[in-house]
Amino acid sequence: MTAFLLDVDTGIDDALALAYLAALPDTEFVSVTATPGNVDAEQVARNTLALLELCGRPGVEVAIGARRPLSVPLLTTPETHGPQGLGHAVLPEPAGKVSERDAVDLWIEHARTRPGELTALLTAPLTNFALALRKEPDLPELLARVVIMGGSFYYQGNTTPTAEWNTHVDPHAAKEVYAAYRGRAAEKLPLVCSLDTTERIEMHPDHLRQLAEAAGAEVAELVLPDQPEGRRSTSDNTVVRHLSDALRFYFEFHRRYDQGYLAHVHDFFAAGVAAGTLEYTARPATVDVETESALLLGTTVADFRGLWGVPPNARIVTNNNPEQAFAELVSAVGSLAARLG
Ligand code: BDR
Ligand code: CA
């Protein structure tokens, strides 16, 4: 059983990550917290509640912490994830309410109550995590494992030519998080899934077709590049229908940026790394984040060679297996969708 503390900015690929983790039989959602990023914090929390309910996990505590980055104004990205953050998908209003507790306090309380037991997965800007580390500097020791989606190392950015979205939204938070891991034991260092490997996790329309088939849907799920943008799924399977509507928007966005009719599902990959179900290799490095230069704001730098003379504070994922990742996604989410109908 893996017990998760999740921090998300749901988000199309965050949604896929949540659906995937919900599909695994041995996953406990201890709490899910919302960081503003793809959309504002309230919308992130609503999307997350709705998604968890859709995926058969009602009743998970979903809380908000920070409402803006530490030092820069909040940027959201409706052009990437749609005005509400879930692309073309319109989920039913969640029955559950957003928790009145503060996300940062919740993390600290759970980590202290269950020392060494919890896996932290962060698929959003690191604002809440940085605040939690300020309040409880022993958090790295209390958590069993930390997986972060963020950064790009000697690989072009997806927000500026050198910066990745999560790190660019709150570069000061990311800098604080990596600083907090200086001098920690190797097994406590965060595993960082950066664009270098998450952009290899290319979801194609055929994966949706396979997913619908695995779900036992009666209608084949055919999302095609020549169909009008925004066409809604008519799948008889609810999970397939909503995921397909969300992902169609992501395909359209990637095509607009000349990347093809496909979607980089970064956060799903990070979720699989955290769950221990996806193949990867990683390498220790000392990571720092640029916060001063206007040109390079949010750029992540990794010293793999010890040139700074500072011990590693992260483990960067250096390789993965997209074929294995999508076979696992189709099988796990397909079974969940079949179960839920
Ligand atoms: C990251 O940015 C967000 O838009 C995605 O959800 C993902 O977490 C990729 O750069
Ligand atoms: Ca995200």
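This tour moves through a predicted model, beginning at the ligand and continuing to the strands and the backbone.

**The ligand and its surroundings**

Begin by selecting ligand 1 together with the residues around it. There are 13 such residues, and those that come nearest are Asp13, Asn38, Asn158, Glu164 and Asp267. Colouring this shell by class shows 3 nonpolar, 6 polar and 4 charged residues.

Next, display the side chain of Asp13. One of its N or O atoms is 2.5 Å from an oxygen atom of ligand 1. Then turn to Asn38, where a side-chain N or O atom is 2.7 Å from an oxygen atom of the ligand. For Thr123, show the backbone instead: a backbone N or O atom of this residue lies 3.2 Å from an oxygen atom of ligand 1.

How much of ligand 1 does the protein bury? Taken alone, the ligand exposes 280 Å², and the protein buries 97% of that. If the viewer can draw pockets, note that the space taken by ligand 1 is the largest pocket.

Which elements give two or more residues to the shell around ligand 1? Select helix 1 (12-23), helix 7 (165-169) and helix 12 (266-275), for these are the elements that do so.

**The paired strands**

Now leave the ligand and select strand 9, residues 280-289, with strand 11, residues 314-320. These two strands run antiparallel and are joined by 6 bridges. To see an individual pairing, pick Ala285, whose bridge partner in strand 11 is Ala314.

Keep strand 9 in view and add strand 10, residues 300-303. Strands 9 and 10 also run antiparallel, with 4 bridges joining them. Within this pair, Asp288 stands opposite Val301 of strand 10.

**Two details of the backbone**

Select Thr10 and Gly11 and show the backbone atoms. Is the peptide bond from Thr10 to Gly11 cis or trans? The bond is cis, with omega near -10 degrees. Gly11 belongs to the loop between strand 1 (2-8) and helix 1.

Finally, go to Tyr154, in the loop between strand 5 (145-149) and helix 7. Although Tyr154 is not a glycine, this residue has a positive phi of about 55 degrees. Helix 7, at the end of this loop, leads back to the ligand, as it is one of the elements that give two or more residues to the shell.

Conventions: Residues numbered from 1 in each chain as written. Chains lettered and ligands numbered in written order. Predicted model: local features only at pLDDT ≥ 70, side-chain atom pairs only at ≥ 80, totals over all residues. Heavy atoms only, no water. Near = heavy atom within 4 Å. Polar contact = N/O pair within 3.5 Å; in protein donor to acceptor, adjacent residues only side chain to side chain. Areas by Shrake-Rupley, 256 points an atom, 1.4 Å probe, with all protein chains shown as cover. 1 Å grid on protein atoms, 1.4 Å probe; cavity = no way out; pocket = protein on both sides within 12 Å on 5 of 7 lines; lining within 4 Å. Sits in = over half its atoms within 2 Å of the grid points. Nonpolar A, V, L, I, M, F, W, Y, C, P; charged D, E, K, R; others polar. Pairing = 2+ DSSP bridges.
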